Amino acid sequence: VGHVDVDLSKIKKEVPVTKTYELLAPDRSPLFGYSKKRTTITLVIHIHGGDADADSDAEHADDEPCEVLVTARKFGHFPKMDMLGSVDPYLILELGGKEFKTQVIKNSYDGKWDETFRFPLQGVSGKLLVKAYDYDGVGKDELIGTTAIKIHDLFKDGNEYSNTYHIKDKSKKEVENKKTKLKSFIDLGFTKQKIVEIAPAVCDDATRERCCDILKHRGSSCKLETEITSADHIPHHGNYYVAVSVMRADGKPDKTAKTKSPGNSNAPVWKEKLLVDCEPEFMLYAESAATLKIELIDFRPYGEAVIGVIKLGLVDVMFCGVQDLELPITDVKHETHILENSKGFQSKLKLTFRPPKFLLEASGMGLSRGLN
């Protein structure tokens with residue numbers, strides 16, 4: 001109905017402020033109610049906390065697509081937490097709204113996790129919060145200690161960093177093993193890297209014209225070769241296969257080709273070539289334009305389940321030459337969400353499109369584009 005923009009920089013931290021604002025319509029014109037008076041909304045705004053480093057952290061937030069791989073390596077000198085037994089530690093790592101948990105190491109004051117988690121850094125400021133807990137199979141897990149790490153300060157001298165961190169309890173005292181009097185520590189490794197997105201090509205008008213002229217003269221259907229190579233980081237193990245379909249403008253499938261299932265895996269390898277027939281009208285006329293739908297399907301004894309999907313314009317696939325791509329797989333229920341495994345790694349499908357030779361010549365894009 002309406003909106004208001006609030007400048008939070010003018011509101012002091014830790015001081016609740018009550019303000020009434022006049023709402024604006026979507027086109028930013030004044031909004032009036034039935035009484036012909038301006039529509040207002042009253043808000044109570046309370047900015048909690050007040051991290052002294054928040055402003056400087058914001059300055060370091062990355063604008064480019066990049067990520068940090070955090071490896072929980074080992075721990076040592078953890079304290080005894082239970083009357084019986086020793087300690088069953090695990091970590092919870094939090095950054096930018098994402099949270100990951102390591103495995104529990106049973107009955108160990110010293111040990112290794114060697115687990116890696118992926119956090120996006122674009123637009124993220126602040127600290128990586130690491131919390132060590134003692135797992136309790138019956139009651140509530142007990143907090144051993146925490147540490148907070150300014151993630152952007154780690155990469156001033158390069159994209160690799162590792163360090164040993166002491167953890168602090170709720171009273172901000174450094175945790176130690178009471179028997180040995182040695183301070184508890186966790187060892188972490190960090191790698192910062194750019195996120196390289198290999199997007200499908202988009203056909204320009206001149207190329208479209210040349211290819212359409214050739215298609216009109218030929219008049220017959222043509223075949224698109226799609227080589228399905230492999231997939232990585234699928235959330236769960238399954239007997240996956242891939243179906244490639246040409247979808248008509250009305251949303252119904254026209255032709256479909258399928259791979260076989262290579263067996264139970266969350267990183268299947270197919271290396272199969274599929275041929276799909278494509279009618280010229282699907283590429284010649286806007287009103288009948290088709291899409292290419294690629295589905296990741298789990299074959300189960302009690303029925304198949306579509307896990308993820310990739311959708312591309314058929315024209316952009318057929319008229320843009322050979323393309324070697326690694327594409328993110330989106331959730332079939334929420335196609336704006338990319339599938340991820342439990343450690344935050346995006347699910348991706350490696351594949352190659354090879355249009356027929358006469359279209360490669362017409363487009364002038366016979367050379368491979370993408371991964372190679």
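Begin with the open sheet of four strands in this predicted model, whose order reads β5-β4-β7-β8 and whose pairing is antiparallel. Select residues 98–101 and then 142–150 to pick out the edge strands, β5 and β8, each of which pairs on one side only. With the sheet in view, follow the turn of its strands, since the twist averages 15° from one strand to the next.

Next, select residues 89–95 together with residues 127–134, that is, strands β4 and β7, which run antiparallel and are joined by six bridges. Within this pair, display Y90 and look across to β7, where its bridge partner is Y133.

Move on to residues 291–298 and 305–313, where strands β16 and β17 run antiparallel and are joined by eight bridges. At D298, the residue standing opposite in β17 is A305. The hairpin formed by β16 and β17 has six residues between the strands, and among the residues to inspect here is G303, which takes a positive phi near 135°.

Keep β17 selected and add residues 330–331, strand β19, which pairs with β17 in the antiparallel sense over two bridges. Here G308 has D331 as its bridge partner in β19.

Finally, colour the protein by confidence: the average pLDDT is 85, and 92% of the residues score at least 70. Then select residues 366–372, over which the pLDDT is below 50, although this stretch has 19 contacts in the model beyond near neighbours in sequence. Where pLDDT is low, the predicted coordinates should not be read in detail, so those contacts over residues 366–372 are best viewed with that caution in mind.

Conventions. Residues numbered from 1 in each chain as written. Predicted model: local features only at pLDDT ≥ 70, side-chain atom pairs only at ≥ 80, totals over all residues. Heavy atoms only, no water. pLDDT = per-residue confidence, 0-100. Contact = heavy atoms within 4.5 Å. Pairing = 2+ DSSP bridges. Axes fitted to C-alpha atoms, helices over the stretch in contact; angles between N-to-C directions.
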